[in-house]
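Visitor: Before we begin, could you walk me through this model by setting each value beside the rule that gives it its label?

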Amino acid sequence: MKQFRRGAALALCGLLAFGALAGCSGSGSADDGVQIIRIGHNQSTNHPTHTGLTAFETYIEERLGDKYDIQIFPSELLGSQNEMVQLTQTGAITFCVASNSLLETFSENYTLFNMPYLFSSAEAYHNAMDDPEVTGPIFESTKQAGFEAVTWLDAGTRNFYTINTPIYSPEDLKGLKIRVQQSPTNVRMMELLGGSATPMGFGDVYTALQSQMLDGAENNELALTENGHGDVCKYYSYDMHQMIPDILIGNLDFMESLSEEERAIFDEGFLVLNQTQRDAWEDAVAQAKDRAENEQGVEFIYLDDISAFQEAVAPMHDEMLAEYPDLAPIYELIQEHNAEFAAQA
Ligand code: GCU
């Protein structure tokens, strides 16, 4: 599977290199003058993100099909998320979906949404991410890096799951090698929780779990089924440590090449993507849980008290605000959403 992915990615790189030599950018031009828009992501074709992108493709092509041909590449066909962000920066591809975790290494402002226990409930998270005063300053901040964040996507709640050791408290993480996304925030979080952080790309996790190089990982429920992690990890504990959005980023030169009318249509398309992906999310999680429990034999552990996890990582909020004081007003706005949509007891 991985071999296939790498092979396909190499073939595509060859194609893109050829396109570049022939004078085309990643938003390549077909012979008929229709511009090809390549969008990469790392999820399967069953995933709500793929469903959302397909709706985006239909929306844009129905309105601007004489100018743009949208092509979606799932399952890391264009490379890992890190590689895809770089391809988007250079314009070798036009868009990709990246976890907010990774974007923190491109612009430190993204650190904010990676904080553990930042949001008091899923409603607070959704409302904060829908508030342009919260996302605007952060989404604008990667323009210097050559890309623009154009919308966010739901990626649920991240929880720990393990091969042998059920996790009830941070104590249980001691000495365990846990895969985290490649970001300083995630490494710090694991350090405070007592586990051993093993940063790696998403596509490498299944093999690392299977060969027991890892004791576990952390993610939303879809990783159990769509990525097969539940074939190996049999305990999934709801400690709810992060709600980290995925972000669709677009190459800046491409975004700036759009006329005002086209930009308006793309903006509507981003809303269609956001809404379709979010509408599909809850059902996708329910189905993943059902399959994980009944077909993979995963035990879901519902923790009555997560305060030990929260207390262990609490210093991270102050550390972030001390390091990036400019984020304080946005952090305060998020607290207003938290107060309005506090978790039900
Ligand atoms: C989630 C998220 C992805 C991310 C992955 C990971 O699946 O939606 O964008 O790549 O977690 O843990 O790397």
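**Values set against their definitions**

Guide: A280 has its place in helix α11, where helices (H or I, at least four residues) and strands (E, at least two) are DSSP runs numbered from the N terminus. This is a predicted model, in which local features need pLDDT of at least 70 and side-chain atom pairs count only at pLDDT 80 or more, while totals for chains, interfaces and linings use all residues. Residues are numbered from 1 along each chain as its sequence is written, and side-chain values use heavy atoms, with hydrogens and water left out.

Visitor: Why is A280 called partly exposed?

Guide: Buried means under 20% relative accessible area, exposed over 50%, and partly exposed in between, with a 1.4 Å probe and protein chains only. The relative accessibility of A280 is 24%, so A280 counts as partly exposed. Its C-alpha atom is separated by 5.5 Å from that of P48, although the two are 232 residues apart along the chain.

Visitor: What makes A284 buried or exposed?

Guide: A284 is found in helix α11, which spans residues 260-296, and its relative accessibility is 16%, so it counts as buried. Between the C-alpha atoms of A284 and Y238, which are 46 residues apart along the chain, the separation is 17 Å.

Visitor: How do you know which residues are around the ligand?

Guide: A residue is near a molecule or strand if one of its heavy atoms lies within 4 Å of it, and the residues around the ligand are N42, Q43, Q81, S99, A155, R158, R179, Q181, F202, N219 and D246. Ala, Val, Leu, Ile, Met, Phe, Trp, Tyr, Cys and Pro count as nonpolar, Asp, Glu, Lys and Arg as charged, and the others, Gly among them, as polar; the shell accordingly divides into 2 nonpolar, 6 polar and 3 charged residues.

Visitor: What makes the pair between Q181 and the ligand a polar contact?

Guide: A polar contact is a pair of N or O atoms within 3.5 Å; within protein, one must be able to donate a hydrogen and the other to accept it, and residues adjacent in sequence count only if both atoms are side-chain atoms. A polar side-chain atom of Q181 lies 3.4 Å from an oxygen atom of the ligand, which is within that limit of 3.5 Å. For Q81, an N or O atom of the side chain is 2.8 Å from a ligand oxygen, and for N219 the distance from a polar side-chain atom to a ligand oxygen is 3.0 Å. Taken alone, the ligand exposes 320 Å², of which the protein buries 97%, with accessible areas from the Shrake-Rupley method and a 1.4 Å probe; for residues, only the protein chains shown count as cover.

Visitor: How do you know on which side of α6 its buried residues lie?

Guide: In helix α6 (residues 132-140), V134, T135, I138 and F139 are buried. They cover an arc of only 95 degrees around the axis, which puts them on the same side of α6, the arc being that of the directions from the helix axis to the C-beta atoms. P132 and E133, on the other side of α6, are exposed.

Visitor: What makes the phi of S75 and that of E76 worth pointing out?

Guide: Most residues other than glycine have a negative phi. The phi of S75 is near 55 degrees and that of E76 near 60 degrees, each a positive value in a residue other than glycine. S75 lies in the loop between β2 (68-73) and α3 (81-90), and E76 is found in the loop between β2 and α3. At 22% relative accessibility S75 counts as partly exposed, whereas E76, at 7%, counts as buried.
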